[in-house]
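Reader: I am new to this structure and would like to understand the words used to describe it. Could you take me through them with the reasoning behind each one?

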Amino acid sequence: MAEGAATDERPGRSRFLSLKWKVLLTLGVAMLSVNGALSWHHYRDLKTRFEEQRAEIRQRLVAEAFALRNDFGRRLQALAGMLAALDSVGVSLFQTPAGNALLRQHFDSYWPALQLDLGIDSVQVYARSGAPLLSWSTSSLPEAAQDAQVHTVIAEERAMHWTSCRQTCSQFAAAPILSEGQVAGAVVLGSSLADVVNSFQQVTNADLGVLVPATDRGALSDNDILRQSGLRATLLSSKGKARPVLQQLASIPQIPDPPGHASVSLSHEERHYELSFLALVPPDGKNVPPMMVVIDDLTGPLKDITDAVLLRLAGELAVSLASLGVLAWLVNSPLRRMTRTAEAIPFLGRSAFAEARNRIAPRRRRLVDDEIDSLDEAAIALSYRLEELEAKELAHKQETDRLVQEISAQRDFSSSLLDTAQVIILTQRGDGRIHSVNRYGSLLSGWNKQELIGKPFLDLIGEDQSRLAAMREVLQEIAAGERLDAQMESIVCGKNGQHYEITWNHSRLSVQLDESVTILSVGIDHTERKRAESDVKRLAERDVLTDLVNRKRFQIELADALISAHRLGTDGALLYLDLDNFKYVNDVSGHQAGDELLKDVAKEVGKAARASDLLGRLGGDELGLLLHECDREGAIQVAEKINRRLAERKYPGLGANHRVSASIGIVVFSEASSDAVDRLLANADIAMYQAKKKGGAGWHVYSEGEGVQEKMQSRLYWEEMINRSLASDGLIVHYQPILDIRARQVSHYEALVRMRGADGSVIAPGMFMEIAEHSGLIRQIDRQVIRQVFARMIALFAAGRYYRFSINLSAVSINDPTLLSFIRHETSRSPMLPSHVVFEITETAAVSDFSSARAFMDSVREIGCSFSLDDFGVGFSSFNYVKQLPVDYVKIDGSFVRTLVDSPDDQVFVRALAEVARGFGKKTVAEFVEDERALNMLRSFGVDYAQGYFIGRPTPEVS
């Protein structure tokens, strides 16, 4: 056979190309395509990594520029403070000419040192009224309007620094001059930003410049103005290299408020640069603000990427060509043998079996067999087989009869299997009429098989007309062969009127002897699961006791209401209700009476509100009422109406003289200083406490600034207490046992942090934990707790006691990039520590930044530690989080366990949580177990662990 392309002279034959060349060409194209794709992927991968690195470098350069500017301002501010303190007595003579001259003489002695040694370009002294008294300056620093800053320094008695830009940008700092405990004036220092620009280049090896709008282009040379962008470069670290690049700027991107930045890329003289723009003052939205620009040369890294890709591509092409050459040499001889065998095949069709075997002529000398040897032997065996076909015809018929019997048996088995399966299995013809149905489908629908055969399939579906039309269209497309299968959900109406939620999988049967169209429909009953999901969703958004929306749902609705009110320009109001003396009701009449009172109060408040308003339970005895399109007077009327209705009600069991009332805090949207939901709720809470201070049974409208001083003092007090405890080992850890319910023994302990007061008392975490989280001190608290617990564990290991310990981590800590390295370092103290540590994070903390939390948890689990999801059920409450998060334990929130024995709704929810967690391979822990009845019920639900005062209280020692 010829190995190249050839033309056969006989008619009916197409052009011929040997298999060898087909293989080589095909492999060559495939290898080139693969190599090209790999090289392109390698290039894209390098570019992606480069972009990610650039983003980090850009952020670092921007931060460094702002940091240098701020450090420069603070140093200037400190120097101003020193000058203001050098002569606090002489400044009292400001009101006399002699005193003024004495002050000038005093500062004249400092001016040369400030100018020459410290680079100060101006010194100004202002009187207490803000009027300038004395001034020293160089010609390099233009005058700047700074009356507002000077008045601020004098009025607030504090030093400050700022940047001022006109023709150039300069850094200023001012400090008050104090005399006999009062402000007598102010000292203002000014200096150029040149030190910042030069320091930035030395620190980062990138260029930094200062750009200001060019207000008078005609008076400036070409080197001073960036003609295309209308800016002026006042300072540049490398003018020869940076100025031509800046000349290419046609426009400036929109720059966000400091410390934000915007970036662009430019090419100049075959070099690539990245420019990052940092506003020196907040943009006013109209004019381009003065700014700093960071210029970074990217030419070298980009060239390295291109060279690496080209080098790889050249190597892959060379290897591909060499491989093709070796392959051509290897396949040449085998293909000749295969051609000889192919030419012998037609003789078998002519029954010339002997001649065919002579032409094939298998190799006689061979070390190992290959596929062509097998082909030769198969062709020879085929020749013998064909000679024996007539003799075996009868045996073949008998074999066929046996197969028919086996097929019949398999058909009977399939029929039995269809009737046993707990799913609906039916077939329908192309016209939509049912052809067959299994036993389960008949039982579920209520019709027998004879009634269902011939019945239109869509008659079983109880849907609205639009969904019914959609299913009809899909079935018609499957019958027409336009699609192979489809999955749809529908409602099936049974004969007895009962409805079932069914998920259908429709597919076209491809094998039909009579060539008729048949559609196979398999239906799965999801009725019970859908009902359970609906119940869980309701429990996640509603309060179990009052059936009002819970705090989480109320906050979502409040956020939507704020957005709508802002968009439409309408008012709205929030009422924050707290029942007066509710603790008295619980203490005297019991929690059952308190629960009944809450339900009755919720009904009365709901009657006082409009149908469009939203009422929710925000806490124990705290209710929130969202009033849409309501002004201040309307909100007050609603508050008074609520207390009138409560006062008119009589509550059995509370005593004839007991009067139910509420203290109501009111916040009107248009009067609030912030639209944030948390801030709005906090303001309403402040107003509520103001109403309660008036004696209760009243209301109070929040006004801006109310309660701020008290909160600030409280915050500063607790921050000081936390810092003192961190410095003096004032934080202590108590340990609460966790019971393995099935084994009836303590499995592990939860570490709970406490603070030791100045009088030796123990302070609960509820007093300081919120302040610690807001101030960021929670990171240090978490680390100190980890150190103390690890030290206790190592001591227990040495005594032969191997308990596991659970340690809580806050959301602030898990977002700390250094925490992971800290945990690695601490767990290296003992090889047994990782396997005996369970870290706990709340559901809300895990879901707030799902991807970051999951990555952190995966990294900690690689060390060998376990994870527990705390407070599950009160946050986002999605079972999908239990599945997606790499946790080992799920902690059921105590609000569901505390009333478990007496609340059927809580029992349903806890049972569902336990079953779902068990299905995902997670262990469950129930908090707040306070009696044996609750423990026995949790055991029946399949909950794995229990924690609460019934099991054991937190103590400093591990018993």
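**How the descriptions are reached**

Author: Gladly! The secondary structure of the chain comes to 30 helices and 30 strands. Please keep in mind that this is a predicted model. Of the 959 residues of the chain, 44% count as buried.

Reader: Why is Ser813 called buried or exposed?

Author: Buried means under 20% relative accessible area. Ser813 has a relative accessible area of 2%, so Ser813 is buried. Ser813 sits in helix α23, residues 811-814. Leaving aside neighbours within four places in sequence, Ser813 is in contact with Ile778, Arg779, Asp782 and Leu819.

Reader: And what makes Gln592 buried or exposed?

Author: Exposed means over 50%. The relative accessible area of Gln592 is 51%, and Gln592 is therefore exposed. Gln592 belongs to helix α17, residues 591-608. The C-alpha atoms of Gln592 and Asp902 are separated by 9.7 Å, though these residues are 310 apart along the chain.

Reader: Why are α29 and α30 called oblique to each other?

Author: The axes of α29 (residues 904-919) and α30 (residues 932-941) cross at roughly 45°. Angles under 35 degrees count as roughly parallel, and 65 to 115 as roughly perpendicular. An angle of roughly 45° falls in neither range, so the two helices are oblique to each other. The axes come within 9 Å, and the crossing is right-handed.

Reader: Which residues meet where α29 and α30 are in contact?

Author: From α29 there are Gln907, Val910, Arg911, Ala914 and Arg918, which meet Met937, Leu938 and Phe941 of α30. The residues of this contact divide into five nonpolar, one polar and two charged.

Reader: Let us turn to the strands. What makes β13 and β14 edge strands?

Author: The order in this open sheet of five strands is β13-β12-β16-β15-β14, with antiparallel pairing. β13 (434-437) and β14 (485-493) each have a single partner strand, so one side of each is left without a neighbour in the sheet. Neighbouring strands are turned by 25° against each other on average, direction ignored.

Reader: How do you know that β14 and β15 pair?

Author: Two strands pair if there are at least two bridges between them. β14 and β15 (residues 499-508) are joined by nine bridges, in the antiparallel sense. Asp485 stands opposite Ser507 in β15.

Reader: How many bridges join β12 to β16 and to β13?

Author: β12 and β16 pair over six bridges in the antiparallel sense, with Gln428 opposite Ile519 in β16. Three bridges join β12 to β13, and these strands also run antiparallel. On that side, the bridge partner of Leu426 is Val437 in β13. β12 and β13 form a hairpin with four residues between them, and Gly432 in the turn has a positive phi of about 90°.

Reader: What makes β12 mostly covered?

Author: Five of the six residues of β12 are buried, and buried means under 20% relative accessible area.

Reader: Which helix lies across the sheet strands?

Author: Helix α13 (residues 465-479) lies across β12 (424-429), β14, β15 and β16 (518-525). The helix runs at about 140° to β14.

Notes:
Residues are numbered from 1 along each chain as its sequence is written. This is a predicted model: local features need pLDDT of at least 70, side-chain atom pairs count only at pLDDT 80 or more; totals for chains, interfaces and linings use all residues. Side-chain values use heavy atoms; hydrogens and water are left out. Axes are lines fitted to C-alpha atoms, for helices over the stretch in contact, and angles run from 0 to 180 degrees between N-to-C directions. Angles under 35 degrees count as roughly parallel, over 145 as roughly antiparallel, 65 to 115 as roughly perpendicular and the rest as oblique. A crossing is left-handed if the near helix is turned anticlockwise from the far one by less than a right angle, and right-handed if clockwise. Contact means heavy atoms within 4.5 Å. Ala, Val, Leu, Ile, Met, Phe, Trp, Tyr, Cys and Pro count as nonpolar, Asp, Glu, Lys and Arg as charged, and the others, Gly among them, as polar. Buried means under 20% relative accessible area, exposed over 50%, partly exposed in between (1.4 Å probe, protein chains only).
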